[in-house]
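Reader: Please take a close look at one part of this structure, starting from a single residue and moving on to whatever is bound. I would like the geometric criteria stated along the way.

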Amino acid sequence: MPYAEPGKTKFQIDLRRHLRDQDICDNLVHLICEIAEASKYVINAVRTGDLGVAGTSNLYGEEQLALDVLSDRIIRKRLIHSGVVCNIASEEMEQIYEVKGNADGLYSVAYDPLDGSSLVDVNLAVGTIVSIYRGCELLQEGRHQVAAIYILYGPRVSMVYSVGNGVHEFTMNHLMEYTLTRENVRMKPMGDIYSPGGLRNKYTPGNESFIRHLEEKGAKLRYSGGFVPDINQVLMKGKGLFMYPALKGSPNGKLRLLFELNPMAFLVENAGGAASNGRCRILDIKPESLDQREPVYIGCNDDVNKAVEFVANG
Ligand code: AHG
Ligand code: MN
Ligand code: MN
């Protein structure tokens, strides 16, 4: 239950208090709270900032928007000043940023500052995705994450986190504080929502037959084009599957292992779901580079297994 009700007073649990009950060290509590603080400036930038291009490109050669660059700076600055971070990798930076004077800092962070930024000009939901590792190594399997977080900037702002002990949702209130709205989110084994990324005419035969299978079983199409709101729907409804498969001409799909897939896979698995690239568990992939992409099937366990079966037989 999100609220304890002593008498009739609604008693709200804030993020810091919830984190303190998680049996994690104070430095990790501090780091997650710093990320939550940074998100308040990111949402302000999303709501009122310049919608134009920055005139630069990122690690993937994609054109950066002014909002991508600003969100990246906001988060990086917070991480640097947190005093507990040694290495930082961002979808918007070409290289790992080593925090000066903190070479043996406690944590390293990989993040996508503003996922779905090209949707801001049509006023659709976007988000920030964050992955935290202990120590300075960022190129390690996602199963070693000590925390994963996303912040969804929709009609409301919510923050979902896991430190490996369940998945919890907080919503920003009128004072811009995050208070607990869902605790221990759980996914059903199977669902009836599907969220398919990528152009269908570029799907391989296995993926095409999987989509036909979903259509025949009457699954509902729910795709916004923003990874964070699309995953949030599957996770909070506790059912369904998101996929961004290998495409003809893009054998690794589009989404990035370090900045997008690992943190989301950690969250979905912690809620009882699964995440695969079609051959193995996302969290077991040893990254070879910062910009590695992987196909993804993520959501209810049985739905992910079914997708893997279709892809293998495709
Ligand atoms: P980003 O804005 O960080 O570059 O990532 C966008 C992602 C993700 O939000 C979404 O699932 C996917 O790109 C959609 O891509 P396409 O519309 O290009 O298929
Ligand atoms: Mn992204
Ligand atoms: Mn991005």
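Author: Cys25 is partly exposed, with a relative accessible area of 38%. Here buried stands for under 20% relative accessible area, exposed for over 50%, and partly exposed for the range in between, computed with a 1.4 Å probe on protein chains only. The model is a predicted one, in which local features require pLDDT of at least 70 and side-chain atom pairs count only at pLDDT 80 or more, while totals for chains, interfaces and linings use all residues. Residues are numbered from 1 along each chain as its sequence is written, chains are lettered from A and ligands numbered from 1 in the order in which they are written, and side-chain values rest on heavy atoms, with hydrogens and water left out.

The sulfur of Cys25 finds its closest cysteine sulfur in Cys33, 12 Å away, which is too far for a bond. A disulfide is a covalent bond between the sulfur atoms of two cysteines; the criterion applied is a pair of cysteine sulfur atoms within 2.5 Å. Searching the whole structure by this criterion gives one disulfide. Its partners are Cys86 and Cys136, with 2.4 Å between their sulfur atoms. The link of Cys86 and Cys136 is left-handed, with -120° about the S-S bond. Cys86 belongs to strand β3 and Cys136 to the loop between β6 (126-134) and β7 (145-153), a pairing of distant parts of the chain, 50 residues apart. Such elements are DSSP runs numbered from the N terminus, helices being H or I of at least four residues and strands E of at least two. The two partners can be described by burial: Cys86 is buried at a relative accessible area of 2%, whereas Cys136 is partly exposed at 30%. Another cysteine, Cys300, is buried, with a relative accessible area of 0%.

The bound ions come next. For the manganese ion (ligand 3), the protein donors are Glu91 (OE) and Asp112 (OD), at 2.3 to 2.5 Å. A donor is an N, O or S atom within 2.8 Å of the metal (3.2 Å for Na, K and Ca), and sites may look incomplete, as water is not among the atoms. Glu91 sits in the loop between β3 (85-90) and β4 (97-98), and Asp112 sits in strand β5 (residues 107-115), so the pair ties together parts that are 21 residues apart in sequence. Both Glu91 and Asp112 are buried, and the relative accessible area of Asp112 is 0%.

For the manganese ion (ligand 2), the protein donors are Asp112 (OD), Asp115 (OD) and Glu260 (OE), lying 1.8 to 2.1 Å from the metal. Along the sequence these donor residues follow the spacing D-x2-D-x144-E. The manganese ion (ligand 2) and the manganese ion (ligand 3) lie 3.5 Å from each other, with Asp112 coordinating both. Asp112 is in strand β5 while Glu260 is in helix α6 (residues 257-270), so the pair ties together parts that are 148 residues apart in sequence. Glu260 also counts as buried, at 0% relative accessibility.

Ligand 1 has 16 residues around it, of which Glu91, Asp115, Gly116, Phe227 and Tyr244 come nearest; a residue is included if one of its heavy atoms lies within 4 Å. Glu91 is thus listed here as well as among the donors of the manganese ion (ligand 3). Asp115 likewise appears around ligand 1 and as a donor of the manganese ion (ligand 2).

Several polar contacts can be named, that is, pairs of N or O atoms within 3.5 Å; within protein, one atom must be able to donate a hydrogen and the other to accept it, and residues adjacent in sequence count only if both atoms are side-chain atoms. A polar backbone atom of Gly116 is 2.7 Å from an oxygen atom of ligand 1. Tyr244 places a polar side-chain atom 2.6 Å from an oxygen atom of ligand 1. Lys254 has an N or O atom in its side chain at 2.9 Å from an oxygen atom of ligand 1. The protein buries 77% of the 480 Å² that ligand 1 exposes when taken alone. These accessible areas come from the Shrake-Rupley method with a 1.4 Å probe, and for residues only the protein chains shown count as cover.
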